[in-house]
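Colleague: Please take a close look at the salt bridges here and walk me through them. How many does the structure hold, and is Lys 288 buried or exposed, or something in between?

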Amino acid sequence: MKKTLLAVAIPSLLVANMASAAEIYKSDEGSVDFYGQLRTELKKSEDKEVTLGAGSSRAGVSAQYTVAEGVDVFGKVEFGLQGKGDYVMKNRLHIAGVATDFGKFSFGRQWVVSDDVWGADYSYFFGGTGLRHATLSGARHDSLIKYNYDGENFWVAANYGLDQDDSNQELAELYAGTSIAGFNLHLGGGQNRDKSFEVTLADKSKSKHDLQNTYFEGTVEYTFGAALIGFTYYNATLDEKDTADKIKENAYSLGATYGWADNATAYTGFEYVTQKADDSTLEDGKGKNFYLGSDYHLNSWARVYAEYSYADGDTLGFTNKASDSFVGIASADGESRYAIGARVYW
């Protein structure tokens, strides 16, 4: 696929589940916890040397207090911990909110709903090519209003990102899901627009453009015994508002996991993305990605994992929920990739 103005880089982000947290304060009114995780990752791609890095290590403080019956206030601040350089901390999240019997409202710098609900990607390193929500947003918004409601048999989640005189992206999403007889299902979609998105061209020059991403998604997962299988379909349209250029995407993700021991899970997945350009001067593209790996939990606060991936074709790029690395235009010609990693939680 030609590297056009629409071939933009896509950040990848993750909020990992906390295995445990260090309790700083606790009373009848509420509690304060200090949590985090340290990561180490060793990667090898076909055309690159072996790299060793800190991954997306992070630490944060969360607090929640009861102010009335059925009403809690909460807050969270989280920082990324880089493994090199003098600048070692970077803000990831800054959230304040209120939880009631009618739902949870949160405000601030936080992950968008489409990233929270995710899809059928179970990898640590190389998956996520078929999840098309974060093309412009990077799955996070600095001024986000989010609503979550969990019922007995269903849930609803929505968010709206304030553009603040175009200093932020416009963003709105709505998702809903349910669980029935071993099946987990959710549907939803959203739209976000960046009126000054910076694009780096092939000659390394940079320019700003008005881009809009509209996306819809459906996921179904089925659990039976120690196994889980999931499928996600994504439809997205990336529209350059300055011109008539559009790229329409269809993406399919099929993945599965199997608990081969009480403390270990194997996983695999195949992702296929097609991209069709409305403008006759642009070429269509497609990409295929396969991954296979396993993790092993040493205990509740430490794990190791290893993964292999085979990728072929050209896509606009992708997000990977586990790596929190910046992944740009994906172009691979039968490329094999390998990685191993370790995490320690608190």
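Modeller: Let's settle one term: buried is under 20% relative accessible area, exposed over 50%, and partly exposed in between (1.4 Å probe, protein chains only). This is a predicted model, with local features needing pLDDT of at least 70, side-chain atom pairs counting only at pLDDT 80 or more, and totals for chains, interfaces and linings using all residues. Residues are numbered from 1 along each chain as its sequence is written, and side-chain values use heavy atoms, leaving out hydrogens and water.

On to your question: there are ten salt bridges in the structure, each a side-chain nitrogen of Lys or Arg within 4 Å of a carboxyl oxygen of Asp or Glu. Side chains of opposite charge can pair when their charged atoms come close.

Start with Lys 288, which pairs with Asp 312; their closest N and O atoms are 3.7 Å apart. Lys 288 belongs to strand β17 (residues 285-299) and Asp 312 to strand β18 (residues 302-315), so this bridge ties together parts 24 residues apart in sequence. Strands (E, at least two residues) and helices (H or I, at least four) are DSSP runs, numbered from the N terminus. As for your either-or, Lys 288 falls in between: it's partly exposed, at 32% relative accessible area. Its partner Asp 312 is partly exposed as well, with 23% relative accessibility. While we're on partners, some bridges share them: Asp 166, Glu 170 and Lys 195 are joined into one network that way.

Now look at Lys 146 and Asp 116, whose side chains meet in a salt bridge at 2.6 Å, N to O. Here a strand is tied to a helix: Lys 146 sits in β9 (residues 140-150) and Asp 116 in α1 (residues 113-117), so the bridge links parts 30 residues apart in sequence. The two ends are covered quite unlike each other, since Lys 146 is buried at a relative accessible area of 6%, whereas Asp 116 is partly exposed at 38%.

Then there's Lys 43, bridged to Glu 41, with 3.8 Å between the closest N and O atoms. In this pair the acid is the buried end: Glu 41 has 6% relative accessibility. Lys 43, at 22%, counts as partly exposed. So if you go back to the model with these pairs in mind, compare Glu 41, which is buried, with Asp 116, which is partly exposed.
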